[in-house]
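Please consider how the ligand is held in the structure below. The account begins with individual contacts and then turns to the surrounding shell and the annotated domain.

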Amino acid sequence: MRVLVSGGAGYIGSHTVIRLVEAGHDVVVVDDFSNAKPTVVGRLEALTGRPIPVHAIDLTDTDKTEHLFAHEQIDAVIHFAGFKAVGESVAKPLAYYQNNLDSTFSLLRAMDRHDVRTLVFSSSATVYGAEPELPMTEDLPTSATNPYGWTKVMIEQILSDVAASDDRWRIAALRYFNPVGAHASGDIGEDPSGIPNNLMPFVAQVAVGRREQLSVFGDDYDTVDGTGVRDYIHVDDLAAGHVAALDTVGSRAEPMSVWNLGTGQGVSVLQVIKAFERASGRPIPYEIAPRRAGDIAASYADPARANADLGWRATKTIDDMCADTWRWQSKNPNGYPDA
Ligand SMILES: NC(=O)c1ccc[n+]([C@@H]2O[C@H](COP(=O)([O-])OP(=O)(O)OC[C@H]3O[C@@H](n4cnc5c(N)ncnc54)[C@H](O)[C@@H]3O)[C@@H](O)[C@H]2O)c1
């Protein structure tokens, strides 16, 4: 298939581009580079040995999106594009609702007009809300605790309504747990701008000397060692899950499918720190800080449905995730170059 990857220059999108090419698909990227550097494209071309066509447009621009579909032959879309920082979404709700919803509307309309009705969407475990039952199954009710999370809940609802309106649609919402790690080459990885919001890039920046120490938010949760527990999934396993979803969704009986992509294993903050110290051979200084508002004690997936329906499972361990993150971080201490 010729697959349009929206947000394909971003963290998860770039790793998925590589997996798609490896699986024999053609790829077209659309990204406005609001949260990515153009230099990622050259890295993707070097790793895949292929030119990667890129449209540098903002998907909320309906005319430009229409123009893209009028000039490219597209069979399916994987939709990663969107804003993703929880804290920023609380400060700038309108920017989040507008970017995440409008880009999806614009994409869905252009797809419909051009008879492209196969879509894989980046959702998130955040749709399980504040007090989910563990492990989380796809049948739990959805909810959110911040505007970012609500954009995912709302987009899933919109996709489900669109899928129900016309049986030619085949749509998958993939609910990711905590993507970490980097491509095994160390040439592609997560390159957050500013202070990282997530644990793994923060730990990596402490290890490489860009930040002094880590704050561990809360050590009195009801977990194995009192620190928060999450289901970390290697970004390359996640990328493989997208290829599996894309290859499966078209032959599903139902127009809308929802799959958790996680390992099913919970790992605590202190366990991540220890694993990163093993991978990097460097100490990770940390201090215990108060709990952060809105954080839950533990989150992990029941990945059984994706395992069964997609013939996919996460294979990489927390040690693999830390080793690959460290390779990326130590080869690229300041992330991607500007040019
Ligand atoms: N990283 C995570 O922890 C995580 C977890 C669950 C879900 N997700 C979702 O997965 C998707 C990808 O996440 P990521 O971590 O790769 O983020 P990312 O920011 O690295 O990638 C998103 C890309 O979309 C682009 N983009 C944003 N708005 C756009 C627009 N209007 N038009 C065109 N391009 C636009 C950005 O420039 C960026 O390259 C997002 O939808 C995110 O919400 C991420």
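Between a backbone N or O atom of Tyr11 and an oxygen atom of the ligand the distance is 2.9 Å, within the 3.5 Å allowed for the pair of N or O atoms that makes a polar contact. The backbone of Ser34 also places a polar atom 3.1 Å from a ligand oxygen, while a backbone N or O atom of Asp32 lies 3.1 Å from a nitrogen atom of the ligand. The protein buries 96% of the 830 Å² that the ligand exposes when taken alone; these areas follow the Shrake-Rupley method with a 1.4 Å probe.

This is a predicted model, in which local features need pLDDT of at least 70 and side-chain atom pairs count only at pLDDT 80 or more, whereas totals for chains, interfaces and linings use all residues. Residues are numbered from 1 along each chain as its sequence is written, and side-chain values use heavy atoms, with hydrogens and water left out.

The ligand is surrounded by 26 residues, each having a heavy atom within 4 Å of it. The closest are Asp31, Asn35, Lys84, Asn99 and Tyr148. By class, the shell comprises twelve nonpolar, nine polar and five charged residues; Asp, Glu, Lys and Arg count as charged, Ala, Val, Leu, Ile, Met, Phe, Trp, Tyr, Cys and Pro as nonpolar, and the others, Gly among them, as polar.

Helix H1 (11-22), strand E5 (118-124) and helix H6 (147-165) each contribute at least two shell residues, and the largest share, three residues, comes from E5. Helices (H or I, at least four residues) and strands (E, at least two) are DSSP runs numbered from the N terminus.

Note on methods: A polar contact is a pair of N or O atoms within 3.5 Å; within protein, one must be able to donate a hydrogen and the other to accept it, and residues adjacent in sequence count only if both atoms are side-chain atoms.
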